[in-house]
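Student: I am new to this structure and would appreciate a close look at a single part of it, the open sheet. Please explain the terms as they arise.

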Amino acid sequence: MHNARRTLITLLLIGIFLTSCGGQIATSPTPDVNAILTSAIGTVAASFFQTQTAIVPPATETFTPTAVPTNTPLTLSTPTALPSATQQFVFVPSFTPGVVAPIVSPTGTQRTPTVNPSSLGVGCNNLRLISDVTIPAGTVLQPRETFTKTWKVENNGTCDWVYLYHFVFVSGESMGSGPERLGKVIPPGKWTQISLGLEAPRNEGTYTGTWRFADQDGNTFGSNLTVSIVVRR
């Protein structure tokens, strides 16, 4: 590059010198200075651009590598169980031909069936309790206080109640009761009132006694006859 510039400057100086001397030589024809300068400048320019072209390396296409996907297994996150108040597991039994699966009954309070009054009978005798007439459950009495408990009952058997039918103590507090006899005849299908003379215990508290009616041979039958009192001073 420096040589080309030096050559161009030399040519320009020669041209200027020749121009200044053009009027002094009359015997030889004057060359065309403009043509000489034009040719010289063109030569220098061509040399300059060739030098620049040699200096600058040709542009090359840059290759950008493309990433090739690899067969890397994906990592799956562990599934999270949905929150719940209570997780329950349902067991489904498998079915096997020829085997009868057990039937599971729901648990809970079962309703107690009402006792069939006829199942309380003995032979032809039976008794159905209709209501309490005196001394309802929870009655408050003084210690050693005497009282009479009366029940309204029905003869729902098939034979008469006769004179010797009586009370039999079953459980609880007897409250000083003695043998009480019916003393009358009650035919089947009729109701009556039967009573028992009692005495409250001497100590404070709650007392319960249970009796049943019996025939002349002592065979009890019918519904329970219960007394429940509270002794308080």
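Tutor: Two strands pair if DSSP finds at least two bridges between them, and strands (E, at least two residues) and helices (H or I, at least four residues) are DSSP runs, numbered from the N terminus. The model is a predicted one, in which local features need pLDDT of at least 70, side-chain atom pairs count only at pLDDT 80 or more, and totals for chains, interfaces and linings use all residues. Residues are numbered from 1 along each chain as its sequence is written, and side-chain values use heavy atoms, with hydrogens and water left out.

The chain holds 2 helices and 7 strands, arranged from the N terminus as α-α-β-β-β-β-β-β-β. Of these strands, 4 form an open sheet with mixed pairing, in the order β2-β7-β6-β4. Its edge strands are β2 (139–141) and β4, each of which pairs on one side only. From one strand to the next, the twist averages 40°; for such angles, axes are lines fitted to C-alpha atoms, for helices over the stretch in contact, and the angles run from 0 to 180 degrees between N-to-C directions.

At the β2 edge, the partner is β7 (residues 220–231): the two strands run parallel and are joined by 3 bridges. Within this pairing, I229 of β7 stands opposite T139.

At the other edge, β4 (166–172) is preceded by a loop that connects β3 (146–154) to β4 and contains Y163. Y163 has a relative accessible area of 52% and is therefore exposed, a term that applies over 50%, with buried under 20% and partly exposed in between (1.4 Å probe, protein chains only).
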